Structure formats: structure tokens, C-alpha cells
Amino acid sequence: MDNGKRNSLKLMLGVGAMASTAGILTFPGSAQAQAPKRGGRVRAATSSSSTADTLDPAKGANGTDYTRQYMLYSGLTQLDASLAPQPALAEEIRNDKATTWTFKLRKGVKFHDGSPLTPADVVYSLNRHKDAATASKVKTVAEQFAEVKASGPNEVQVKLSGPNADLPVILAASHFLIVKDGTRDFATANGTGPFKLKEFKPGVRSVAVRNDGYWKPGQPYLDEVELIGIQDEPARVNALLSGDVQLVLQVDPRSTGRVNATPGYAVLETKSGLYTDLVMRQDAAPTSNPDFVMAMKYLIDREQAKNAVFRGFATVANDQPIPPSHRYYFAGLPQRPYDLDKAKFHLKKANVAGNVPIVATAAANGSIDMAVLMQQSAQKIGLNLSVNRVPADGYWSNHWMKHPLGFGNINPRTSADQLFTQFFKSDAPWNESGWKNEQFDQLVLAARAEPDDAKRKKMYGDMQVLIHEKCGIGIPVFISFLDGHSTKLKGLGSIPVGGFMGFMFAEHVWLDG
Amino acid sequence: MADKALAARLILNRLGVGVLTLLVVSAIIFTITSLLPGDAAEEALGQSATPETVAALRAQYGLDKPGPVRYANWLGGLVTGNLGQSFTASMPVSDLIATRLPKSLLLAAVTAVVSVPLALAIGILAAMGRGGALDRALSLATLSMVAVPEFLVATIAVLVFAVKLRWLPALSNAVDIKDAGQFFRTYAMPVLTLCFVVIAQMARMTRAAVLDQLSASYVEMAVLKGAKPARVALRHALPNAIGPIANAVALSLSYLLGGVVIVETIFNYPGIASLMVDAVTNRDMPVVQACAMVFCFAYLLLVLVADLVAILSNPRLRHR
Amino acid sequence: MSAIPVGLVRSGWRTATSLPIAGRVGLLFVVFWLAVAIFGPSIAPHDVGAVVSPDAFAPLTAAYPLGTDYLGRDMLSRILHAARFTVGLALVAALAASATGTTLALIAATAGGWIDEVMSRLMDAFISIPSKMLALVMVAAFGSSAGLLILTAALSYTPGAYRIARSLAVNVKTLEYVQAARARGERLAYVAGMEILPNMVNPMLADFGLRFVFVVLLLSGMSFLGLGVQPPDADLGSLVRENIGGLFEGAPAVVTPAIAIATLTVSVNLLIDAISGRATRVVEN
């Protein structure tokens, strides 16, 4: 029985979608009774735009980049509302022991310049991430592509360095969008995406027009999309409410009342796995002391963080990174409470004296407010925390993981394996707390290769317990995405990997009214 | 005759000195920004930085060379008119600046045209009515205007005129302006906000300088001779007060190029101040240097004009 | 021994009561804010960082006389603490800027020649660097302590004060009695201190008042860029910035710190106007 092949994908992903689905993907909550209308122009505003804006998928650094790139390019797979991969440019996906993957490409797909999509384009697009000169954001992820080659006139084969059942999910990321073979200069964008580039001024705006030859028939619905960045949140919300833009990203929780109260506008909440975590380095004092770590974990008032900082637009978390909506979430882990007595007990055992600085930044959303709240709680047990707010720019290179007590900010990852491998494994490039747990490392590798989904889920459950109990990371809440939009904009749903419908709104929405 | 010769000498002198000042500014900026933690390569890669990707990118940007070498290279390029390549935007710095500078100049010009006459009028009126109700009212008004933080003025203006009344757009991207009406609507709120900031200094300095002149003996003479107050103010006091006034105007106007990052951010106006702030954030050194040069050059020009005006208007200064 | 302080108090009182109404109002508010700056934190009902209410942007109530902020903290306590930062930082920085600028300008104006040229060019170089940019770079490079903020503000505004002081000094230098003093052979320092400076005092006082306002505004501009004193502390400008989300509903959280800034800066300038107006009259008499 070649159970290593065709059907194992279904088991691993738990979703039955293998055939290519054209047309509208169903999303809970969107008005499916209406038929989409063609035409219209939408202006959308994200929260950042600078001269670093890029048309190169490998360099995408923020929501604006991802949105722009999903408008112009397509990938081998695409995520749906439950974060399962759907076929996109890859019509069929087969795998052998999750190590050798074969992608059968959709026929008749054309780039914006008219040339056809060929395996060479896919091979080039995937391999270029490994080249240091590309300065790709996903170089470490691409390192597992041992070999990528065309295995047929319409087929690409990817051999991984080790089994990884999550490859289809990984390839749905905007960094892995497919570009034309040999493209080095991204002054313009030649992709297979739903829109063609009309204008690109980095730091000002991007404009794209409908690609009538898009491989999804009937889509996209909009004639034109303009993407701008408005850094100042009040200005962003005002732009929405004054009619200047129809869709905005990252509405502050405190502005939701105003948006919802204004007729013709609404806020869409998307619960996600985004979190801002307390990072306690295991290689520095006093955070290397496990009692101190426990004290800090008990000191986190999660309900207060959820209500005071995020005004309810968050989900209480349990010091482990898998959100309740994820299929591998282990519900049996008892919720750690906010317990001053236990915190005091552990603090005493840790015997920490003096002032402990806690580094926070605007780059990690909510961290400054959470640090201030922790400082208040700490005072109650006799611990002196002083908040050290540092500028957002340069945070990731100069402060993240460099102070005993600080904050990190991790965007949702669809693949639990990717999350654990990149952020929690002992040798992970971004092992924030610097913890080393052999059992955990072994579980990561074992789960990655495990074909039985139930067994896999159990392993991921064990990993969550390990992180909860032993890792130097405190995760207070999972933060929801808040998009503000005009009610004339229809078809906007949630794909919990980011706001703006996982940054893919452009091909799904239409204007009505 | 002597005036023209003096003016010409001043301009020549300032040209030479101006070049020196530009050099000094470039050295200061280079040194200060080299103190910043992190560099363009680390910024570009952000959370996904690893030692080897950072090293590769650094080599691409030429950041692996030592500081003085990079500075010398940049200076060499500057002399030949090549401002270098932006790290983050991968386009020539001159192109980047060429897209933003005209916008900044336009905003500054419109604001100047509105604010300078207004400030002068307010200052002179206040000085003429010294101590009276008008003086006090004007002082209070200008002071209150400058006291409110810029972002508050801008946000209130947007709430009132864009969100509630829908008379004006919330953003001033100013991309395709077809007629005067659209121009007005796009620029109204940014200019209003900036006026709040700059009018106060110019008006108050005008008032103080004119008042000073009004208390001088030659003015008493004119008044004794029977001259009317307005005539006294305009014909006698004002010309002698022009020096300090011109200086205050020059300072305020130079603010309008580099200090307007808040207005540019809130109204999404693609100007050069936010370009520089973004460049500092991204550690895009060539752009930071070039912007600093632009601001310095503009300031020197404004100050030169102010000094020329001061010298030509004050007879006693002509013999320096 | 006790006669001196009594004498000071008496002459101070005489000065105060002889001020015009606007000056007295200014004095009143200045004294008020100085008192708040000194005593505020000790009389604040709540800790500056304590979250006291589940409601953000609450209206004025008996429990929270100035409402609550975006996290649910008591605004009255926050403002009482913030005043100290605003008043303290701005006062010290503006004083430093005005004093340094005036001194350097006097030196340059009286010495003339190349000292004047070099100084003026150096100052020009610094003025042309936008103050927000300088602040951004300084804080990113050196961190966010109160001392650094004062230094940054002083560095930003000294050149401006210098420029204005110098143009005033140069103007004064050409007046007859100054030239007479020089002709008499008086020393430069004497000329600078006794002849030129007194005639510059009024516009420079007015300039100091504006410098003070500029520093207050620089601090709030910096809060827009995410810089400033460490949380949970804040200056008045940061309070406005962090609570700007309540502007639409007119929350006291954003209105009260704005009014605080306005009354503080306006009153300082009203007072200065009144004093300098008086000084002119005294000189004339």
C-alpha cells in the first residue's frame, strides 16, 4: 500500500480539499446571499508605508508589503479561513513520506506580461531564497529545500532535507509567491496575481488594476485597488470615517466604538495567534532563575491585559503559543491564574533584590502598556520593575532577546511546526528565551515526520505543556486583528494569519452600494 | 551703488562660507547617525535577521567598509553630483528626493504666503496698540495658537472638517490636482495646522522689535512733530525693526521644510521631512545625508535673504 | 539678617501688585503650575500608573475628578505627576538655551571678526538640523533619561536664541551711546554686559517665553514619534498624545492635559510680557 503518497495529505491537514476549487471560498460571517458585483475602486490603508516598500516577495516586511504582493502574485497554495492550504498555482499536490513533494501546476496560467507559467519559474522562485544575495526574509525556512527541480512539463518536485508535513502551508506565505524565472530587478511586478501593477511609489502608494486573465475565472471583482499607508491610527480611522478610504488595517480597540457607531461603517474582529510575549532570557540574571520565571508568569494579570490594554479584543492565553482556534490546540492544559501569593512565594525563593528593568517598545503591540501593568502588580509583591521604553526602530536587531526581561511580538504562524522550529527549538534562530529542552527538541522532529494526525496532535499537546511549564516565555493574551471598513465593501472575511483577510482581501471583495 | 556692491560682497562671502557650513553639517550628521545602534541591513531584515543574511546585505550596501571611508566616498560622489543609492528603496537618492522636495516646497510656500503677512500684520497692530485691548487680545490669541500641540490641532481639524462636515478630505496625498478648488481643499488643513505653529514666533518678534523702535528717541521726535501713529510705525519704526523680524521669519520658514513631520504623517503628505524620519528609522544613510544637505541649503538661503534684507534696510549696518 | 528676605518679599510684592491685569493673571497661573510641579505628586490621590477603573475615557465624576485615561487610570493623578516633567524639563532647557544663546551672541557681536563668523556658521549648521530629527537620533543613540531630554532640547534651541540675540545685539551695537562707550575705550565685556545686554532684555525675554513653549511642544512632538520620559511617567504633551483616541467623544482625558499645556505656556508668556513691559517703563523713567 503506498499510503505514503496521495492521501496522506488529507490525513495530515484534516481538510478534504484536494480538487481545484474555482470561485468563491466560503467564509463564516460574510454575506453569501449576495452575488458579487463587478467594478469599482477601493482605497485601502495599512499602518505603515515607507521607502522600504518592495515588490519583491522575498523581502516583504509588513502588512503593506504582504497585501501588495498578494495582489500582484500568486503562490503554489493559498490559505482558507481555517488556515488550511488550498490549491492555487499548484493544482495537485502529492508527497512521499512528506519528504519529496510533487506539485502539478495549473495549466494556462499567464504572467501579466503574457508569458506562461512554467516549472522553471517555480524552481527559480523557491531556490532564490537560499541565495544570501537575495536577502530573503525566509532564508532559514527555505534551507530545508534540499532540491527543487522541474520533474515534468508541468510539474515541480521539491525534496526536503527532512520530512515536513506542513510544506503546503508554508508555501502559502507571501514570501513564497511565484515570480518569473530570472527576475532580479523588482522595479516592476510581473506576476500571476489577480491585479496588475499600475503605479508604485514606495512610501506613497501602490495602485493595481484588475488582471482580466487571472486564473480564477470571474475574479477579482474590483476594477482597481489603491494601497496607502497611514501611520497615525487616529488619522487612519478618520480617513475611513470621512470616506477617503474604504478599508483600514489595525484599528485601535478604543476606536471600535466610534467606527461601529458611525452608520455605514463597521469593524471586523479576527481572532488570531498573534501575541506579544514576555521574554525571560535563560542565560542572564535574574531571569535564569526558574523561580523568578514562575513568579513573573503568576504576576501576569491576563484578564486585565485583555480588558485594559486590548479592551476585550483579545483571547486569554496560557503561556504557550498555540491559539485555541488552531487544530493542534491542547485544551486540557489548566489555565494559569493571576496569583499574587504564588508569585510572592516564588519571588522569595528566587531571592531577587533591587530593581529589574523591563524593556518594552511600540514595535511589540501592547508591550508598553503591559509592562506598566506588570510594574503595578509587581509593586504589590515587593518587586521593583522599572519600565525601559526603547524606540521601535532597531528594536529587533538591538534589543530583542538581548535583555534579561523584555518583550517579543510573534505573528501568527499557520504551521505549528514552523512556530516551534523557528522560535522554541534549542537551536532555533529566534529562540527568544534561550531555553534548552531536549525532550521538546525531540518532539519537534518526531511530530514533523509523523503521518498519523492523532499522534501528531498528542505530540504538539505535549510540547505546549512543556512550554507552559518550563520555557522562559510568558504569553498573556492572543491579540485579535481589527479591520475597519465601509459596509459597502462586501466579501470581507477572516483569515487569521493577518488583518485584511490574511492580507488577501483584494481578490475576494466587491463593492455594493 | 554702495548697497549693490555690499550686497554682492555679502553673497559671495556667504557662498564660500555656505559650502563650508554644508560640509560641517554633513560631518555632524554622519557622526551622529553613526552613533545609532543597528544599521540598514539589520533594519531591512528585522525580526528575520540572521548573522549571514545581515553580512550579505551589508556587503551589498557597502556597509562593511569603515566609517571614514564611507564618508569620503559619499563626499566624492556629492562633488560629482551623485547622491548615491538609497539602501531601502533601491533607487537613486536624487530620484527619491526629486519626488518629495517639490511637494515640501509647495506646502512651505503656501504656508509662508498665508502666515507671513498675517504675522506681520498681527505684530504691527499689537505694537501700535501697545497695552491696549487689541494688543492683549492678539497676544493671547497667538500664544494660545502655538500652545496647542500640532497633532491635536491637526486631529481636531480633521474631525471637524473631514469626518463631521465632510467639507475637506482627511488626507492630502496631493497626487492629481486638477483645479484650484481641489488645491484649496487638499492644502487647507495642513496649512492651517502649520500656521498655528509658525505665526506666533513671527508675530511676537515683530511686535517686540517694533515696540523697541517705537520707544526710541527719533520716534518721539516724529510724534512730537505731529506724525500719526500708523505713519510713525510704518515709516520710521518698521524699517529699523526689519533685521530681527527677518531673522524670525527665516527661522520660522526653515522649520516648514524639516520640522513638519507630524503634519506630513497625519495628512499623508509625501514631503521630505517624513522621508528623513523614515530614513533615520531604516538607517538609510545616503538619504539622511542628502536630506540634511537640503535642509541646510534651504536654511542658508533663507538666512542669506534675511541678512541682506536686514543690512539693506538698516542704514547704520551698511558701514560694517 | 532677616531684613534682606523681608526686603525681597516686599519688593517682590510691590512688583506683583503693580503689574497690569494680564500680568497678574499670568503670575497667578505660573505660581499655580510651579506649585503643582513641586507638590503635585505628593497630593495625587492615586499612583501615577495604577489602573483604577474598568472604564477608559470616563467622564468627570466624584471618584475621578478629571476622568480616566485610555487604560483606566486616574487623570488627575497623571496630570499632577506630568506637570513636574513638563515644567521642570521645559524650564531648565529653555533657560539653558536662552542663556547659552545670549552669552554666545554677545561674545560674537562684541568680538566680531572671525570669532563671530565661526560661531555664526556653527550655529547655522545646528539650526538647519530639524529639532525632531536631532531628538530622534539622540534618544535612539543614548536612551531616554530626563537629563538627555533636557540636553537635546537645549541643543536644539540654543542656536535659534543665538541668532535672534545676535541680530539684536548687532542692531544695538550701532546705536550712538554704545559706539560712544567703545570710543571711550571701555572693555568689551563692559560694553556687552552694561550697554548692549540691557537693551536686548525685552525681546530676549519674549524669546525665552517662546523657547519655553517650543520645548514644551518639542516634548509633545517627541511623544508623537514615540519618545519621551519612561512610562508610566509622562509629560503633559504625552498625555494628550496617548489619549487622542478619546478626542471624538470629547473625553476629559485628552482635553484636560491640552488645557493644562495651554494655560501653562500662555501664562508664562503673559507674565514675561508684563515684566518686560514694566522694565521698559522703568528704563525710560
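**Backbone geometry, strand pairing and burial in chains A and C**

At 62% relative accessibility, Lys97(A) counts as exposed, because the cut-off for that class is over 50%. The model is predicted. Lys97(A) sits in the loop between E4 and E5 of chain A. Its phi is near 55°, a positive value in a residue other than glycine. Most residues other than glycine have a negative phi.

A second residue of this kind is Arg311(A). Its phi is positive, at about 50°, although the residue is not a glycine. Arg311(A) belongs to the loop between helix H9 (302–309) and strand E13 (314–316) of chain A. Its relative accessible area is 22%, so Arg311(A) is partly exposed. The class runs between 20% and 50%.

The strands on either side of Lys97(A), E4 and E5 of chain A, belong to an open sheet. Four strands make up this sheet of chain A, in the order E4-E5-E7-E6. The pairing is antiparallel. Strand E4 (90–96) and strand E6 (145–152) of chain A stand at the edges. Each has a single partner strand, so one side of each is left without a neighbour in the sheet. From one strand to the next, the twist averages 20°.

Inside the order, strand E5 (residues 100–105) of chain A pairs with strand E7 (residues 155–160) of chain A. Five bridges join them, in the antiparallel sense. One pair of bridge partners is Phe103(A) with Val156(A), the latter in E7(A). A helix covers part of this sheet. Helix H3 (residues 119–127) of chain A lies across E5, E6 and E7 of chain A. It runs at about 175° to E6(A).

Further along chain A, a hairpin is formed by E8(A) and E9(A). Strand E8 (residues 195–201) of chain A and strand E9 (residues 205–210) of chain A run antiparallel. Six bridges join the two. Leu197(A) has Ala208(A), in E9(A), as its bridge partner. Three residues lie between the strands of this hairpin. Gly203(A) takes a positive phi there, near 85°.

Parallel pairing is found between E14(A) and strand E15 (residues 384–390) of chain A. Seven bridges are formed. Thr361(A) has Val390(A), in E15(A), as its bridge partner. Strand E14 (residues 355–361) of chain A is mostly covered. Five of its seven residues are buried.

Burial also marks an acidic residue. Asp417(A) lies in helix H13 (residues 416–423) of chain A. Its relative accessible area is 2%, and Asp417(A) is buried, because that class covers values under 20%. Neighbours within four places in sequence left aside, Asp417(A) is in contact with Asn164(A), Asp166(A), Val444(A), Arg448(A), Arg456(A) and Tyr460(A).

Two cis peptide bonds are now described, one in chain A and one in chain C. Most peptide bonds are trans. In chain A, the cis bond joins Ala285(A) and Pro286(A), with omega about -5°. Pro286(A) is found in the loop between strand E12 (265–280) and helix H8 (290–299) of chain A. In chain C, the bond from Pro231(C) to Pro232(C) is cis, with omega near 0°. Pro232(C) lies in the loop between helix H8 (188–224) and helix H9 (236–242) of chain C.

Chain C has ten helices and zero strands. Along the sequence the pattern reads α-α-α-α-α-α-α-α-α-α. Its C-alpha atoms fill a box of roughly 75 × 50 × 40 Å along the principal axes. The chain has 285 residues, and 59% of them count as buried. Contacts in chain C were also examined by sequence separation. Among those between residues at least 6 apart in sequence, 71% join residues at least 24 apart.

The surface of chain C comes to about 11,200 Å² exposed. Carbon and sulfur atoms supply 70% of that area. Its charged side chains number 18 positive and 17 negative. The centres of the two sets lie 9 Å apart.

Note on methods: Residues numbered from 1 in each chain as written. Chains lettered and ligands numbered in written order. Predicted model: local features only at pLDDT ≥ 70, side-chain atom pairs only at ≥ 80, totals over all residues. Heavy atoms only, no water. Buried < 20%, exposed > 50% of the residue type's maximum accessible area, 1.4 Å probe, protein only. Contact = heavy atoms within 4.5 Å. Areas by Shrake-Rupley, 256 points an atom, 1.4 Å probe, with all protein chains shown as cover. Lys, Arg positive; Asp, Glu negative; His and termini not counted. Charge placed at Lys NZ, Arg CZ, Asp CG, Glu CD. Pairing = 2+ DSSP bridges. Axes fitted to C-alpha atoms, helices over the stretch in contact; angles between N-to-C directions.
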